[in-house]
Amino acid sequence: MEINWVSVVCPWKAFQLHVLPLLLLLVLLRCSSPCQCVVDLDLDDKALLLAFKSRVQDPSQSLSSWVGTNCTSWSGLTCENRTGRVVSINLTNMNLSGKVLPKLCKLSFLEDMNLSHNNFTCPIPLCFGNLVSLKAIDLSHNRFLGVVPDTLMRLRNLKELVLNGNRDLRGLVPGWLGNFSTNLEKLDLASNSFCGEIPESLLYLKPLKYLDLGNNNLSGNLRDFGQSLLVLNLGSNQFSGTLPCLSASAQSLNILNMANNSIVGGIPTCVASLQALTHLNLSFNHLKYAISPRLVFSENLLVLDLSYNDLLGPLPHKIAETTDKSGLVLLDLSHNQFSGEIPLRITELKSLQALFLSHNLLTGEIPARIGNLTYLQVIDLSHNLLSGSIPLNIVGCYQLLSLMLNNNHLSGEIHPELDALDSLKILDLSNNMISGEIPLTLAGCKSLEFVDFSSNNLSGNLNDAITKWSNIRFLSLAQNKFNGNLPNWLFTFEEIQTVDLSGNKFSGLLADGNFNISVKFNKRDIGIMSREPFVAMPNVHVRVSMVVTGSGQSSFDYHLSSTIGIDLSNNLLHGEIPQGLFALQGLEYLNLSHNFLDGHVPGLEKMSGLKALDLSHNSLSGQVPGNVSSLKDLTLLNLSYNSFSGFVPKKQGYWRFPGAFAGNPDLCMETSSGRCETESIPMVPGKSFHDGVVEGPISVWVFCLSFFVSFYFGIVALFCSARTRNYILHMKV
């Protein structure tokens with residue numbers, strides 16, 4: 001590069017004072033630029049690294065920059081400026097695999113080694129113990145196997161040892177881990193296969209601040225820790241005994257996770273003395289008894305999860321201190337045996353974003369002041385004994401994403417004002433006693449993805465409010481009193497995967513709608529195809545999750561597990577089945593049983609994803625649908641009690657479904673001898689389809705009617721006999 005200097009006339013001292021600092025600044029700027037500054041890589045270290053590179057698989061070419069002698073251009077390396085010796089190697093998440101060569105152990109000046117999030121498959125090299133300058137080593141999320149080598153106890157300067165996420169690392173947690181380094185601050189052995197008890201030396205390692213042994217096979221009674229910890233994770237192991245007080249960490253502990261163990265007894269009030277605690281998770285244990293009124297956590301607590309225990313008694317009136325700027329963000333007391341009413345003090349937790357109280361024995365009404373919790377994103381009060389109506393004040397929770405009030409004793413009507421919850425994604429009011437119609441104003445809830453109003457007393461026609469739920473994935477209005485014709489827009493939602501309108505009074509024709517709009521109905525997802533036995537469609541599961549960071553920020557997510565299906569059974573539909581319904585290759589479940597449908601059934605060959613089909617108890621006629629032998633996933637079939645006729649060859653594959661054609665007297669099936677035999681009627685209609693599931697309401701009604709008619713005529717017959725009549729009258733006297 002050519003530089004043109006402009007000479008000027010000036011005194012020498014002025015030049016010194018003004019020009020020399022500028023020249024120094026130029027030199028500093030040049031050396032501070034990583035692309036211009038040159039640090040020559042030590043030749044011995046270079047040879048060692050190239051030998052390592054030659055033996056690992058690098059499909060992403062992450063190490064392609066390892067050429068030349070300039071250390072700053074080698075990705076993942078940091079070198080000492082004067083000597084060029086490698087002091088840090090960071091190869092995290094580079095998609096590397098293979099074995100780690102001992103050559104790497106000769107980088108004698110190495111202080112920091114990070115090989116995490118790759119696919120290395122080998123034991124931890126014994127020679128790592130030779131890297132005596134190491135201060136941090138991270139081998140997490142690989143496939144390292146075997147035991148932790150004892151040679152690592154030579155690493156006297158080690159501050160961080162991170163080995164989590166190597167499922168084939170096993171054996172006992174080494175006893176020397178608690179005394180090999182007086183500098184060890186972080187030990188992470190989570191998500192491995194370690195067994196046995198926690199070494200006693202770890203309980204008294206004073207420098208230790210971060211200890212994560214979660215998700216292993218560790219056991220033994222819980223013991224107290226003698227150091228001032230910041231993070232303690234013992235979750236997902238097999239620990240037993242009672243909760244320790246952890247008094248040595250009273251002013252320091254931020255995160256305590258002991259979930260998914262076998263901890264017994266009550267929650268000691270001394271746990272509330274952990275003043276710095278922000279996250280406490282004791283879920284999935286065997287904790288018992290009532291929560292003491294003296295157990296009140298500090299305002300620093302953000303997350304309290306006591307779910308899936310055996311806690312009982314009333315909900316605590318005050319669980320944590322709260323201020324205008326801090327307080328609980330997530331409270332999960334679900335899946336316990338709490339009883340009584342929901343205390344009003346819960347509505348004073350102004351920072352609360354998620355409230356989980358489901359699967360308890362709570363009674364009374366939903367607090368009217370729940371709308372004061374304006375930050376709430378999730379309310380789950382399902383599976384309790386709550387009564388009364390949904391409080392109108394709930395619309396104050398305008399940030400609400402999930403409202404789950406199902407399986408209670410709630411009554412009243414759906415408030416039209418619920419349209420204010422325009423961010424709502426999940427609305428589950430099923431299995432209550434709610435009446436009235438679906439308000440037209442619910443069209444304002446345009447974000448809805450999951451709606452379940454099943455098993456209530458709702459009535460009226462399906463109104464156009466539902467058409468505004470353009471992101472709807474699951475819609476169930478089953479077991480209500482809806483009537484009228486099914487609208488043409490019913491199957492026009494792009495994301496829909498489940499529609500259940502069974503057990504109503506819908507009538508009219510089944511319109512040949514736009515069945516080809518739904519992605520799920522029309523596209524079979526081979527990637528998640530299951531070969532497990534099929535379970536009937538009503539089994540739907542929604543799992544809502546909230547993740548809260550250390551700063552109190554939360555993220556909402558949910559997982560929907562449901563069959564891709566349509567259930568219009570137990571209605572008053574008539575006419576022919578639309579051709580388009582039998583061209584949905586992604587559909588897994590179709591139930592049109594217990595209607596008044598007639599005509600011929602289209603072929604099934606296009607429904608490649610079909611697992612269950614029920615067309616029973618209709619008036620369908622003609623030949624049975626064509627060859628089903630190509631439908632490999634079809635496990636449940638019921639075409640019984642129709643008017644099918646003709647001959648069914650064995651090669652069509654229907655022999656896999658005994659009893660599927662019962663109640664079709666004009667239909668015969670080819671036997672193994674080649675003859676045609678009429679299908680015998682099973683004792684329990686439809687048993688071949690449901691295989692033990694409770695029979696439909698029509699079958700039960702027919703049984704009850706026939707019983708009472710038989711009983712009535714039997715009594716009349718008795719009284720027609722003079723001898724019997726005289727005997728009865730004589731007994732009454």
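This briefing describes two sheets and one strand in a predicted model. Because the model is predicted, local features need pLDDT of at least 70 and side-chain atom pairs count only at pLDDT 80 or more, while totals for chains, interfaces and linings use all residues. Residues are numbered from 1 along each chain as its sequence is written, and side-chain values use heavy atoms, with hydrogens and water left out. Strands (E, at least two residues) are DSSP runs numbered from the N terminus, and two of them pair if DSSP finds at least two bridges between them.

**The sheet of 6 strands**

- This open sheet has the order β8-β10-β12-β14-β16-β18, with parallel pairing.
- Strands β8 (145–146) and β18 (262–263) stand at the edges with a single partner strand each, so one side of each has no neighbour in the sheet.
- Strand β12 (residues 193–196) pairs with β14 over 2 bridges, and glycine 196 has leucine 218 as its bridge partner.
- Strand β14 is joined to β16 (residues 238–241) by 3 bridges; asparagine 221 is partnered there by serine 240.
- Between β16 and β18 there are 2 bridges, and serine 240 has serine 262 as its partner in β18.

**The two faces of β14**

- In a regular strand, side chains alternate between the two faces of the sheet.
- In β14 (residues 217–221), Leu218 and Gly220 point to one face and are buried (under 20% relative accessible area, 1.4 Å probe, protein chains only).
- Asn217, Ser219 and Asn221 point to the other face and are not buried.

**The sheet of 3 strands**

- This open sheet has the order β21-β23-β25, with parallel pairing.
- Its edge strands, β21 (312–314) and β25 (361–362), each pair on one side only.
- Strand β21 is joined to β23 (residues 337–340) by 3 bridges, and leucine 312 is partnered by glutamine 337.

Definitions and conventions
Buried means under 20% relative accessible area, exposed over 50%, partly exposed in between (1.4 Å probe, protein chains only). Helices (H or I, at least four residues) and strands (E, at least two) are DSSP runs, numbered from the N terminus.
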